[in-house]
Amino acid sequence: MKVSVFGLGYVGCVSAACFAAQGHEVLGVDINPDKVAALNAGRSPIIEPGLEELVRTGVAEGRLAATQDVEKAVAHADALLICVGTPSMPNGNLDVTYVERVGAQIGQALRDVDDYKVVILRSTVLPGTVKDLLLPALTKRSGKEAGVDFGVVTNPEFLREGSAIKDFLDPSFTLVGAMESRSADVVEQLYESLDAPIVKTDLDTACMVKYASNAFHALKVTFANEIGRLSKKVGVDSTEVMDIFCKDTRLNISSRYLRPGFAFGGSCLPKDLRAMLYLGRHKDVSLPVLEAILPSNEQQVRDIATLVMRDDYKRVGLIGLSFKPNTDDLRESPIVELVEILSGKGMEVRIFDENVQLSRLIGGNKAFIERVVPHISNLLCDSIADVVNNSEVIVVAHDVEEHHRQLLDLLTPDHMVIDFVKTFSERDGSSMVPKSTYRYEGIYW
Ligand SMILES: NC(=O)c1ccc[n+]([C@@H]2O[C@H](COP(=O)([O-])OP(=O)(O)OC[C@H]3O[C@@H](n4cnc5c(N)ncnc54)[C@H](O)[C@@H]3O)[C@@H](O)[C@H]2O)c1
């Protein structure tokens with residue numbers, strides 16, 4: 001394919017040289033004449049292992065060149081890759097001036113071309129940037145319509161400096177956020193020779209995946225360092241701790257616990273976190289990331305209580321009370337906290353949980369629930385039907401197929417469902433009951 005790469009920094013140079021090495025005809029563009037001159041002389045404008053050689057070969061074989069001429073670059077290519085910088089502003093916001101400027105330049109040049117070109121935004125931008133900034137810049141200057149006369153996709157880059165070429169050639173996946181399939185297909189063709197799956201989604205989801213990834217990487221480093229700080233203080237080798245920790249690929253290094261949903265709780269996680277934090281304070285070790293976990297979890301319960309109360313419903317039914325299905329353990333269940341808040345605000349609460357029968361609760365569990373929700377016996381119902389028939393808003397708090405099946409038979413257009421477990425909507429999608437028979441809101445989707 002013919003490709004133009006706008007911005008010859010770390011991402012742009014690596015992309016341009018790698019695409020050329022794969023046989024594409026690549027023209028790089030930069031406002032900096034020194035970078036353009038260096039590349040045309042077969043030299044890499046940046047230091048990155050292996051790049052100098054790729055640039056030299058690409059230029060020598062006539063598949064890689066650079067220019068400052070935007071019109072020439074737009075005319076040259078079917079795929080127009082934007083790799084300009086998006087630095088931080090002093091207030092933390094992203095400076096997208098370069099994206100806007102290059103968008104306007106490309107838009108101006110698109111005015112005079114007839115064929116369908118795809119603008120591929122490779123720079124890291126926040127969700128909303130394409131719709132609010134890049135698309136207006138492109139359409140205003142070109143006088144053309146996105147998705148009809150030209151395409152726009154987001155295609156975040158995941159390479160790491162120092163191993164950028166390897167990362168480019170062997171990514172976990174190629175992520176394509178598109179408004180329409182024609183543009184996504186062009187990007188798929190561009191990356192055809194990479195042995196990596198193409199993941200297609202919408203424009204903003206792709207942007208958010210990049211931010212989720214970088215935030216998670218930063219969190220992992222900081223988490224490991226806080227474990228290191230605490231371990232050292234108590235005479236434990238944290239590298240050994242984390243080596244063993246990483247051997248658990250079911251719960252620790254896995255997709256487990258990485259699905260947005262309701263707050264965590266139960267008899268272990270909050271208790272053990274508090275004990276670690278206490279130890280840290282006792283040993284004068286600062287653990288700000290670990291310290292932030294419980295307040296964030298509590299905030300989540302408050303936010304969801306606000307969501308349940310938002311539309312002034314008076315009667316709420318909860319399906320599920322224990323901190324997760326298949327247990328009667330109520331200790332530190334965030335759903336119990338939710339019940340406290342909703343009852344305290346005057347809502348009539350009804351609850352169904354097949355594992356929670358007051359007559360069968362014993363010991364600390366019974367004492368806990370009677371202390372926290374003294375009128376619990378008035379709230380518990382014997383069946384889902386009892387809850388649904390006496391409530392306006394239904395909170396689906398447990399992911400239990402049998403609950404979902406019964407709910408679908410009982411819900412009416414007067415009911416509002418608030419779903420904590422996305423599988424409810426997924427199952428619903430494949431059921432016989434159309435969604436229009438009740439109103440629905442997922443907590444984070
Ligand atoms: N550096 C990384 O490891 C990395 C990894 C993944 C994603 N990203 C993202 O990729 C983007 C680019 O990062 P970078 O590190 O390559 O940036 P960079 O600052 O090294 O390079 C940006 C280049 O864009 C050029 N430029 C600016 N305006 C231009 C215009 N109108 N036309 C042509 N060129 C123009 C600049 O002269 C510069 O050479 C950023 O959004 C960054 O967040 C970077």
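In the predicted model, Asp312 lies in the loop that runs between helix 12 and strand 9. Its phi is near 60 degrees, a positive value in a residue that is not glycine. Most residues other than glycine have a negative phi. Asp312 counts as exposed because it has 7 C-beta neighbours inside 10 Å, and the limit for an exposed residue is 12 or fewer. A positive phi, of about 55 degrees, is also found at Glu332, again not a glycine, and this residue belongs to the loop between strand 9 and helix 13. Glu332 has 19 C-beta neighbours inside 10 Å and therefore counts as partly exposed, given that a buried residue needs 20 or more.

Helix 13 covers residues 334-344, and its buried residues are Pro334, Ile335, Val336, Glu337, Leu338, Val339 and Leu342. The cover over these buried residues includes helix 12 (288-309) and helix 14 (363-372), together with strand 9 (315-319) and strand 10 (348-352). Just after helix 13 comes Gly346, whose phi is positive at about 90 degrees.

Strand 9 also takes part in strand pairing, since it runs parallel to strand 11 and is joined to it by four bridges. Within this pairing, Val316 has Val393 of strand 11 as its bridge partner. Strand 11 is joined in turn to strand 12 (residues 416-419), again in parallel and by four bridges, and here Ile394 stands opposite Val417 of strand 12. The residues of strand 11 (393-396) alternate in direction, with Val393 and Val395 pointing one way and Ile394 and Val396 pointing the other, and all of them are buried.

The chain as a whole contains 18 helices and 13 strands, and its C-alpha atoms fill a box of roughly 80 × 60 × 40 Å along the principal axes. Of its 445 residues, 35% are buried. Among contacts with a separation of 6 or more, 69% are made by residues 24 or more positions apart. The domain assignment divides the chain into domain 1 (2-201), domain 2 (202-258) and domain 3 (297-442), and the centres of domain 1 and domain 3, taken over C-alpha atoms, are separated by 49 Å.

In soluble globular proteins, nonpolar side chains tend to be buried together. The largest nonpolar core of this model consists of 65 residues, and those with the most contacts inside it are Ala17, Leu80, Ile82, Val119 and Ile120. Helix 1 supplies the largest share of this core, namely 10 residues, while domain 1 and domain 2 each contribute at least three. A second, separate core is made up of 40 residues, among them Ile304, Ala305, Leu321 and Val396. When residues up to four places away in sequence are left out, Ile120 touches Ala79, Leu80, Leu81, Ile82, Val153, Asn155 and Val187.

Two further residues illustrate how buried positions are surrounded. Leu138 is part of helix 6 (residues 129-142) and is buried because 26 other C-beta atoms lie within 10 Å. Apart from neighbours within four places in sequence, Leu138 is in contact with Gly103, Ile106, Gly107, Leu110, Val119, Ala146 and Val152. Between Leu138 and Ala109 there are 9.5 Å in space, C-alpha to C-alpha, and the two are 29 residues apart in sequence. Val125 is placed instead in the loop between strand 5 (117-121) and helix 6, and it counts as buried because it has 24 C-beta neighbours inside 10 Å. Outside the range of four places in sequence, Val125 touches Thr86, Leu94, Val96, Val99 and Cys207. The C-alpha atoms of Val125 and His24 are 26 Å apart, with 101 residues of separation in sequence.

Around the ligand there are 25 residues, of which Gly7, Gly9, Gly85, Thr86 and Ser123 come nearest. The elements that give two or more residues to this shell are helix 1 (10-21) and helix 5 (97-110), and helix 5 gives the most, with four residues. By class, the shell consists of 11 nonpolar, nine polar and five charged residues. Thr86 thus appears in two settings, as one of the residues that come nearest to the ligand and as a contact of the buried loop residue Val125.

Conventions. Residues numbered from 1 in each chain as written. Predicted model: local features only at pLDDT ≥ 70, side-chain atom pairs only at ≥ 80, totals over all residues. Near = placed C-beta within 6 Å. Nonpolar A, V, L, I, M, F, W, Y, C, P; charged D, E, K, R; others polar. Core = buried A, V, L, I, M, F, W, Y, C linked by C-beta atoms within 7 Å. Domains from an automatic or database assignment. Contact = placed C-beta atoms within 7 Å. Pairing = 2+ DSSP bridges.
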